[in-house]
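Dear colleague,

I am passing on to you the structure we discussed, with its sequence. Please look through both before reading the notes underneath.

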Amino acid sequence: MRLDKFLKVSRIIKRRTVANEACDAGRIEVNSKPARASYAVKIGDIITVNLGQNSRSFEVLEINEHALKQEALNMYREIK
């Protein structure tokens, strides 16, 4: 699954276009490397989102094409 779609389906970022723009601006990293929106997300990847003053990291636990709100929470684990 593409990185921008994963961010949207998992509800880390609300809109896919915002996720795509964040990737283009270099605000999204996967495994400590800047990632493009077309990056293929794999289970075990560490995604870091740098928006504004906030920096949050997530570990990918599962990949679903569609997810309800509760299922979306099971797709990742936040890393402190």
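The notes below cover the sheet and then two backbone angles.

Please bear in mind that this is a predicted model.

The sheet is open and has 5 strands, with antiparallel pairing. Read across the sheet, the strands come in the order β2-β1-β3-β4-β5. The edges are formed by β2 (33–34) and β5 (76–79). Each of these has a single partner strand, so one side of each has no neighbour in the sheet. Further in, β1 (residues 28–30) pairs with β3 (residues 46–51) in the antiparallel sense, and 3 bridges join the two strands. One residue pair can be named here: Glu29 has Thr48 of β3 as its bridge partner.

In general, most residues other than glycine have a negative phi. Two residues may therefore merit your attention when you inspect the backbone, Arg11 having a positive phi although it is not a glycine, and Ser32 likewise having a positive value in a residue other than glycine.

For Arg11, phi is about 65 degrees. Arg11 belongs to the loop between α1 (3–9) and α2 (16–24). Its relative accessible area is 45%, so Arg11 is partly exposed.

For Ser32, phi is near 65 degrees. Ser32 sits in the loop between β1 and β2. With a relative accessibility of 65%, Ser32 counts as exposed, because the cut-off for exposed is over 50%.

Yours sincerely

Conventions. Residues numbered from 1 in each chain as written. Predicted model: local features only at pLDDT ≥ 70, side-chain atom pairs only at ≥ 80, totals over all residues. Heavy atoms only, no water. Pairing = 2+ DSSP bridges. Helix = DSSP H or I, 4+ residues; strand = E, 2+ residues; numbered from the N terminus. Buried < 20%, exposed > 50% of the residue type's maximum accessible area, 1.4 Å probe, protein only.
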